[in-house]
Amino acid sequence: MKLLFVNGVNLNMTGLREKGVYGTQTLEEINAEISEYFKGDTCEFYQSNIEGEICTAIQNARGKFDGIILNAGAFTHYSYAIRDAIASVEVPVVEVHISNVHAREEFRKNSVISEVCKGVICGFGKNGYILAGESFKL
Ligand code: DQA
């Protein structure tokens, strides 16, 4: 199975920012654990703080990956461009959030991408990425 893990804006600060919310491990450390968990599969990792680059990563996954695991960060709440990019590819996308966005500020409760995603996983910390990856094997 070929899995693409995409992290959006500010996720490069994981382990450094709001540690009580996002944990103490860096994104590199989390990605290393994901790689180890999915060692029988092919995993690629991409992070960008730039909305259009996330769109390009999703577009480029066409025909190359079985699934995309996407934590779009704050883009989740307002990026119609990322929503359209997801809708434009056949590759299924699972939306992930480290935190339980429904237990936080009002603006985090709305996702403009959920409707075009296969499913949504939030509130399980870094394990959400693994749960999302596993979902493609069911
Ligand atoms: C997040 C939740 C978003 O609301 C926030 O803007 C993030 C991270 C999460 O993983 O919990 O940057 O996507």
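Reader: Hi! How much space lies in the largest pocket?
Author: About 190 Å³, taken as the space filled by probe spheres set on grid points joined across faces, edges and corners. A pocket here is an open set of points on a 1 Å grid over the protein atoms alone, where a 1.4 Å probe fits, with protein on both sides within 12 Å along at least five of seven lines. This is a predicted model, so local features need pLDDT of at least 70 and side-chain atom pairs 80 or more, while totals for chains, interfaces and linings use all residues. Residues are numbered from 1 along each chain as its sequence is written, and side-chain values use heavy atoms, leaving out hydrogens and water.

Reader: Cool, how many residues line the largest pocket?
Author: There are 17 (each with an atom within 4 Å of a point), and R17, Y22, G73, A74 and R108 lie nearest the centre.

Reader: And where does the ligand sit?
Author: In that largest pocket, meaning more than half of its atoms lie within 2 Å of the grid points.

Reader: Which polar contacts does an oxygen atom of the ligand make with H97 and I98?
Author: One is 2.8 Å from an N or O atom in the H97 side chain, and one is 2.7 Å from a polar backbone atom of I98. The cut-off for such a pair of N or O atoms is within 3.5 Å.

Terms used: A polar contact is a pair of N or O atoms within 3.5 Å; within protein, one must be able to donate a hydrogen and the other to accept it, and residues adjacent in sequence count only if both atoms are side-chain atoms.
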